[in-house]
Amino acid sequence: MALLLAAVMTFAVAGCGEEDDYPDEVIEGDNSVMAMRFTPPEEYETLERTVEQKDDGTVTEKYMVYTLAGNEKITYQYMTGIRMADVVNKKKSEKLEQDGQTFYLKKSEGLFQAFAKAGDAIYGIRCSVPGNEKGREVFDSALAGVSFSETDRTDVNELTVCALRYKLDSGLPVISRKTGLTQDAGGRLLRKSLMMKFGEDGGKVDFRFEITAYRHSTVKEVIGKKQKYKYKKIGDIEYAFLKAGDDPIPFAYYTQHGDDVYEIINRGVTDGLFTTRSMKSEEAFNDLIHSVYFV
């Protein structure tokens, strides 16, 4: 997927209005994560597709997650930039052969995972089964439906977030964009998100922005009862906003648009425990917020 670069890049979305207007993106029927094909469960409650792409459109990660009626989750994964040793100990794992690929099984209470290396990528199957009942049965069934193709062509999410539009200065160094799209079994959109990672060449992330649309919700429901927030208007849009401690600059904005809530967050960088936001990220985030409008 080629991205057109200009002095300013504009990302737009249509749809996400009345229920008759969407889904614009149909993820049911997408039965691959790059070269790995799979047979999805016959029945499920929700389906989530997460895709991360470099700025040139190259797919670096893809996840297809099916949540079943009993809260079991079956996930098919494609991952790059990691080693097999990062995800599984091959010497201590059961070996499973499937369509010419060797998977290594890793299991714990209520969780079965298997990983195979193909080319420079790692493919995985993950089955989370509450209570561990029939967990191996669910996993074996998922693995039996896996096959590999000579092509790694696969479907991806659009780089959009429903009715929200914004402008992003092309001078910002984008490393990657990660999109998440969740639908119910009827194909109705529940949530759509876009995370943009910014940084210099080499992959070091300087800061991240994330935009999420929540269908049929309210600002109060999305923020939660425990968070204290205030309102302010930017242009024609009224936002609820959050600050971190004594920091005078908001890091998160929420606005109601029709029946949906849009969340825009400066996620900065994190070491797993603490999040920091640089002055550069705050300035760029302020520019982003002031560019937002809806169609």
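Biologist: What makes the confidence of this protein chain good or bad to work with: what is the average pLDDT, and how many residues score at least 70?

Modeller: The chain averages a pLDDT of 89 (the predictor's confidence in each residue, from 0 to 100), and 91% of the residues score at least 70. Over residues 1-15, though, the pLDDT is below 50. That stretch still has 44 contacts (heavy atoms within 4.5 Å) beyond near neighbours in sequence. Keep in mind that this is a predicted model, where local features need pLDDT of at least 70, side-chain atom pairs count only at pLDDT 80 or more, and totals for chains, interfaces and linings use all residues. Residues are numbered from 1 along each chain as its sequence is written, and side-chain values use heavy atoms, with hydrogens and water left out.

Biologist: Why is M34 called buried?

Modeller: Buried means under 20% relative accessible area, exposed over 50%, and partly exposed in between, with a 1.4 Å probe and protein chains only. M34 comes in at 7%, so M34 counts as buried. M34 sits in the loop between β2 (32-33) and β3 (36-37), strands being DSSP runs of E, at least two residues, numbered from the N terminus. M34 also has a positive phi of about 55° without being a glycine.

Biologist: And why is N71 called partly exposed?

Modeller: N71 has a relative accessible area of 45%, which is neither under 20% nor over 50%, so partly exposed it is. N71 is a non-glycine with a positive phi, near 70°, in the loop between β5 (59-67) and β6 (73-79).

Biologist: How do you know that Y254 is buried?

Modeller: The relative accessible area of Y254 is 6%, and the cut-off is under 20%, therefore Y254 is buried. Y254 lies in strand β18 (residues 252-257) and touches, among others, V219, Y239 and I265. Y254 and A213 are 41 residues apart in sequence, yet 9.8 Å apart in space, C-alpha to C-alpha.

Biologist: What makes the lining of the largest cavity 5 nonpolar, 1 polar and 3 charged?

Modeller: A cavity is a set of points on a 1 Å grid over the protein atoms alone where a 1.4 Å probe fits but cannot get out; lining residues have an atom within 4 Å of a point. The largest one has a volume of about 40 Å³. Among its lining residues are F251, N266 and R277. Phe counts as nonpolar and Arg as charged, while Asn falls among the others, so Asn is polar. The full lining divides into 5 nonpolar, 1 polar and 3 charged.

Terms used. Helix = DSSP H or I, 4+ residues; strand = E, 2+ residues; numbered from the N terminus. 1 Å grid on protein atoms, 1.4 Å probe; cavity = no way out; pocket = protein on both sides within 12 Å on 5 of 7 lines; lining within 4 Å. Points joined across faces, edges and corners; volume = space filled by probe spheres on them. Lists of a residue's contacts leave out its neighbours within four places in sequence.
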